[in-house]
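Got your viewer open? Let's take a walk through this model together, one selection at a time.

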Amino acid sequence: MDEPNCERAFAEYFERRKVNADALADLALENFIEMRDKTASKTFRAKKKLDHALEAALPGIYLPLYTMVTFTRIPYRTAAKRARVQDSLVYGSLFALAAISVGAMFWFLLR
């Protein structure tokens, strides 16, 4: 392999791996903050239980971030993005259910 091809190969390798290396660094920092600040929170523990319940109810469809990072070959960047989407859907659904419940309660009380 001549020198220019080797340089190009290393540059391409670096470019392809950098996004996942950066994502892994971000995940490590988020995990540190989570372990330091959130593990005592009832909300955090409820979210973890919900993650496990959704993973059991929707195998292969809903994967918690920990599962994606630890037990799959999903690239770190993809796993982080998928976890954010899943969290948005879960929290959005919970918010909608809460809003509907409160609305139904007020409707029932004001009838």
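Helices here are DSSP runs of H or I with at least four residues, numbered from the N terminus. Keep in mind that you're looking at a predicted model.

**Stop 1: Ala79 and its helix**

Select Ala79, which lies in helix α4. Is Ala79 buried or exposed? Its relative accessibility is 0%, and since buried means under 20%, Ala79 counts as buried. Now show what surrounds Ala79: leaving aside neighbours within four places in sequence, Ala79 is in contact with Leu65, Met68, Val69 and Ile74. Add Tyr66 to the view as well. Ala79 and Tyr66 are 13 residues apart in sequence, and their C-alpha atoms are 9.1 Å apart in space.

Next, colour the whole of α4, residues 76-110. This helix has 35 residues and reaches 50 Å from its first C-alpha to its last, close to the 51 Å expected at 1.5 Å a residue. Which residues of α4 are buried? Pick out Ala79, Ala80, Ala83, Gln86 and Val90.

**Stop 2: over to α2**

Select residues 42-57, and you have helix α2. Try the ruler on α2: at 1.5 Å a residue, its 16 residues should span 22 Å, and the end C-alpha atoms are indeed 22 Å apart, so the two agree.

Now highlight Phe44, Lys47 and Asp51, which are buried in α2. Turn the view until you look down the axis of α2: the buried residues fall within an arc of 55°, so they line one face of the helix. Here's a handy bit of background: an α-helix has 3.6 residues a turn, so residues three or four places apart point the same way. Then spin round to the face of α2 turned away from the buried side, where you'll find the exposed residues Lys42, Lys49, His52, Ala56 and Ala57.

While you're in α2, click on Ala53, which is found in this helix. Ala53 has 43% relative accessibility, so Ala53 counts as partly exposed. Draw a distance line from Ala53 to Arg111: they are 58 residues apart in sequence and 36 Å apart in space, C-alpha to C-alpha.

**Stop 3: where α2 meets α4**

Show both helices at once. α2 and α4 pack at an angle of about 105°, with their axes 12 Å apart. That angle makes α2 roughly perpendicular to α4. Which residues make the contact? On the α2 side, select Lys47, Leu50 and Leu54; on the α4 side, select Asp87, Val90, Tyr91 and Leu94. Try colouring them by type: five are nonpolar, none is polar and two are charged.

**Stop 4: two more buried residues**

Jump to Thr67, in helix α3 (residues 65-71). With a relative accessibility of 14%, Thr67 counts as buried. Not counting residues up to four places away in sequence, Thr67 touches Glu55 and Thr72.

Finish at Asn20, which lies in helix α1 (residues 3-38). At 10% relative accessibility, Asn20 counts as buried too. What does Asn20 touch, if you skip residues up to four places away in sequence? Select Pro75, Tyr76 and Arg77 to see its partners.

Conventions:
Residues are numbered from 1 along each chain as its sequence is written. This is a predicted model: local features need pLDDT of at least 70, side-chain atom pairs count only at pLDDT 80 or more; totals for chains, interfaces and linings use all residues. Side-chain values use heavy atoms; hydrogens and water are left out. Axes are lines fitted to C-alpha atoms, for helices over the stretch in contact, and angles run from 0 to 180 degrees between N-to-C directions. Helices (H or I, at least four residues) and strands (E, at least two) are DSSP runs, numbered from the N terminus. Angles under 35 degrees count as roughly parallel, over 145 as roughly antiparallel, 65 to 115 as roughly perpendicular and the rest as oblique. Contact means heavy atoms within 4.5 Å. Ala, Val, Leu, Ile, Met, Phe, Trp, Tyr, Cys and Pro count as nonpolar, Asp, Glu, Lys and Arg as charged, and the others, Gly among them, as polar. Buried means under 20% relative accessible area, exposed over 50%, partly exposed in between (1.4 Å probe, protein chains only). The expected span of a helix is 1.5 Å times one less than its number of residues. The arc is that of the directions from the helix axis to the C-beta atoms.
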